[in-house]
Every structure is written in C-alpha cells, then in structure tokens.
Amino acid sequence: MRDVSMAMITTVQQHILQQQQEMLKSTGREPTGTFSWLLSGITLAAKMIEAKIRSAGLSDVYGAFGAENVQGEQQQKLDVYANQALLHCLGLRDSVAALVSEEDEEPVTFNRDAETGKYIIVFDPLDGSSNIDVNVNVGTIFSVLRRMPAELGTLEESILQPGFRQVAAGYVVYGPSTVLVYTTGNGVHGFTLDPTIGAFVLSNEKMRMPEQGSYYSVNEANAAGWPEEYRGYVEMLRTGGLKKEYSSRYIGSLVADFHRTLLKGGVFLYPPTLKQPKGKLRLLYEANPLAFIAEQAGGMATYGAGRILDIKPEGIHQRTPFCVGSRREMEALVAAVSPAATSASAR
Ligand code: FBP
C-alpha cells in the first residue's frame, strides 16, 4: 500500500493540538480543539493583514485614517483595517468572551455564558504603525487570558488579571517574511507564513534567547528625560561593563526590536521619561505578552522595580516602563535601576 502520510510540515493549529495532547497525556483526556480554533482566528486575521501590507503601495491604504484612538494617536488606515480583521475573525469564535484592542476605548464583550465564552483576547492590531508608510517591519501582538469563574470575578475583573495568568501570548512580524511566534507556557515556537500554501509552518521550535547578546535597543533621543540610573546602565553597556562590545539597534517598532532581541539576545528598554513617567508602552497588549514569551525563552522582563508579569493592572490601556532581554543584561539592569526605581515609584 502506498504511504500517503506527509510528515513534512507542521502548521500552528497542528502544533497546538500536539502540545495539548502532550499536556493531556497524563489525564487521558483529548484536546477539544477549542484553543487551536481560537488561535486560527488570529492566524486568519494575520494573513488578511499581511496581504494588505504586502500590496500597501499599490492600494490606498497608506496614511492616516483621519481619527484618533483612545491613546490620542492618529490612527493609520492599516491600524483600522487590522483592528477590524481581528475583531471579525475572533468575534466568530464561540469561546471568546471579550476582545480588548489598543484601538478601542472599551472592550468588545459577547453575551456568551462562562462555559462557552472562556477566553479573553487582548491585542495590539498593528504595532509600530508609525513605520508603515516607510515600509519598515510592523506587527500584531496578542495575549490570551482565561475568564475567571463567576464566583471569583466579573468579566471586567478577568480582563485585568496579572500577566502571569496569561494562557497564551504571541506576535506576528510583517517583515521580509511573515513570522508568528507564540507560547502557551510550554516553550516558545516560531512559524513562517508559506505564501505558496497560505499556512504558518513551523520554522523555529523551542526558541531560546541567548544568555547574553551584543545589541542594546533604546530611543536615545529620550535619554535626557530618563532617571539617571538608566543613563548609567546604557553607558555601562557602551563602555564594556559586561565584558563585551555592544552596538545599538533601534527600529522603533516594538515587535521588530523584540524579535531581534529574542533571536540575537541583548536588551530592549523603554524607560520612564519626564514626558511619560509611567512609561510609553502599554501593559496588557505590549509588555505582558512579550514578557511571557521572553521568560519562556529564558530571558527576563521588568518595569524597574519588579517583574512585568506581576503587575496587577488597573486599566486596559495602562502604560508601564518596559525592559526585556537576555539574562546577563537584565540582571545587570535590575541591579542598576531597581533600588532607585523603587524609591522613585514611592515618591
Ligand atoms: P503603537 O504603534 O502600537 O502605538 O506602538 C508604539 C510604538 O510604536 C512601539 O512599536 C515602539 O517601540 C515605540 O512606540 C516607539 O516609540 P518612540 O517613537 O517614542 O521611540
């Protein structure tokens, strides 16, 4: 009999089912497929966004949409398109109880009972959108939380759970190739979109962040507004304080800067500034998902005085200082800034 099995490719959905089978093996239960169906909403939306971005120069999708989002930022046309694509694709998934987007002031909630609507998806539909018109990598970032049982909390309280409660997180980088990286707490795995078959195919399994890198990534134009300890830390890197030569890389698209840090090691930081003493980047849909991935890949993520994943959120668009990277650089950063950060935040 001719063997028809083609063990060549593994798609994201297959990989999630395999991971779940692994996890459930000890219980004898079979994965329900709910989770992989849920994540297929993200991969479908990512393919729609990718297609729009690839032909952006040929169709009228560059430039501002003509409205501001809740952050007071000029929305780009592709911000709005990406947001609609994710809301549409995820809204069709029965297991979704609420969707929280960087582009929307309030969560979109669905009238689904707790048995069915088990998950909350928080996302930044198009990160780095200020770079779209200049054809620089942009991305989509997502975080998945499980809804708390009614006796433990409301849907709103379920949205504001600390980052260590995430059941999955990931991002898509729209660059020379389109890459999706995700974790469900069982390692970090990368998939590349194969345009010939329209599927995200496993390309980097069990990704590890190098113990130490050779890049630091920060917007040095803000240096005058940083607390002195952060200036001292960057100076220490620049002057061989970690017994290694460092070069600077800053794209200004968080997903792209993070993806490089995940692959090559080093450190990315967006410290507090005089203009934004609470930091610029958003906790729920930028810092938390990337911190979860960094820790799962052997790295670390801090806001200065502590671990990003331990922050108890107070609002869905809350900002935070965000530093993430390889263990060596991060341990030195925590040693350099945490005492001061603690006293600063107490002020
Ligand atoms: P959004 O585009 O999703 O608002 O993200 C904010 C962001 O563009 C990050 O991607 C990036 O790391 C940062 O802001 C760049 O900020 P700055 O221009 O102040 O360095």
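Okay, quick definition before we start: two strands count as paired here if DSSP finds at least two bridges between them. And keep in mind that this is a predicted model.

With that in hand, let's take the sheets. One of them is an open sheet of eight strands, and the pairing is mixed. Reading across, the order goes β4-β3-β5-β6-β7-β8-β9-β10. At the edges you have β4, residues 108-109, and β10, residues 199-204, each pairing on one side only.

Let's zoom in on one pair in there. Strand β5, residues 119-127, and strand β6, residues 138-146, run antiparallel, and seven bridges join them. So, who stands opposite phenylalanine 123 in β6? That's another phenylalanine, number 142.

What lies across this part of the sheet? Helix α3, residues 77-91, lies across β3, β4, β5 and β6. Relative to β5, α3 runs at about 160°.

Okay, next sheet. There's an open one with five strands, again with mixed pairing, in the order β12-β11-β13-β15-β14. Its edge strands are β12, at 247-248, and β14, at 300-302, and each of those pairs on one side only. Inside it, β13 (residues 267-270) and β15 (residues 322-325) run antiparallel, with four bridges between them. Phenylalanine 268 has valine 324 in β15 as its bridge partner.

This sheet has a helix on it as well: α7 lies across β14 and β15, at about 25° to β15.

And α7 has a helix neighbour to talk about. The axes of α6, residues 254-264, and α7, residues 283-296, come within 12 Å and cross at roughly 10°. Angles under 35 degrees count as roughly parallel, so that makes α6 roughly parallel to α7. Which residues make the contact? From α6 it's Leu254, Phe258 and Leu262, and from α7 it's Glu286, Leu290, Ile293 and Ala294. By class, that contact has six nonpolar residues, one charged and no polar ones.

Hang on to Leu254, since we meet that residue again at the ligand. How many residues surround the ligand? There are 16, and the closest are Gly128, Asn219, Tyr250, Leu254 and Tyr270.

For those of you thinking about docking poses, here are some distances to ligand oxygens. Leucine 254 puts a backbone N or O atom 2.8 Å from an oxygen atom of the ligand. With asparagine 219, a polar side-chain atom lies 2.8 Å from a ligand oxygen. And for glutamate 102, an N or O atom in the side chain is 3.1 Å from an oxygen atom of the ligand.

That's my tour, thanks!

Key
Residues numbered from 1 in each chain as written. Predicted model: local features only at pLDDT ≥ 70, side-chain atom pairs only at ≥ 80, totals over all residues. Heavy atoms only, no water. Axes fitted to C-alpha atoms, helices over the stretch in contact; angles between N-to-C directions. Helix = DSSP H or I, 4+ residues; strand = E, 2+ residues; numbered from the N terminus. Parallel < 35°, antiparallel > 145°, perpendicular 65-115°, else oblique. Contact = heavy atoms within 4.5 Å. Nonpolar A, V, L, I, M, F, W, Y, C, P; charged D, E, K, R; others polar. Near = heavy atom within 4 Å. Polar contact = N/O pair within 3.5 Å; in protein donor to acceptor, adjacent residues only side chain to side chain.
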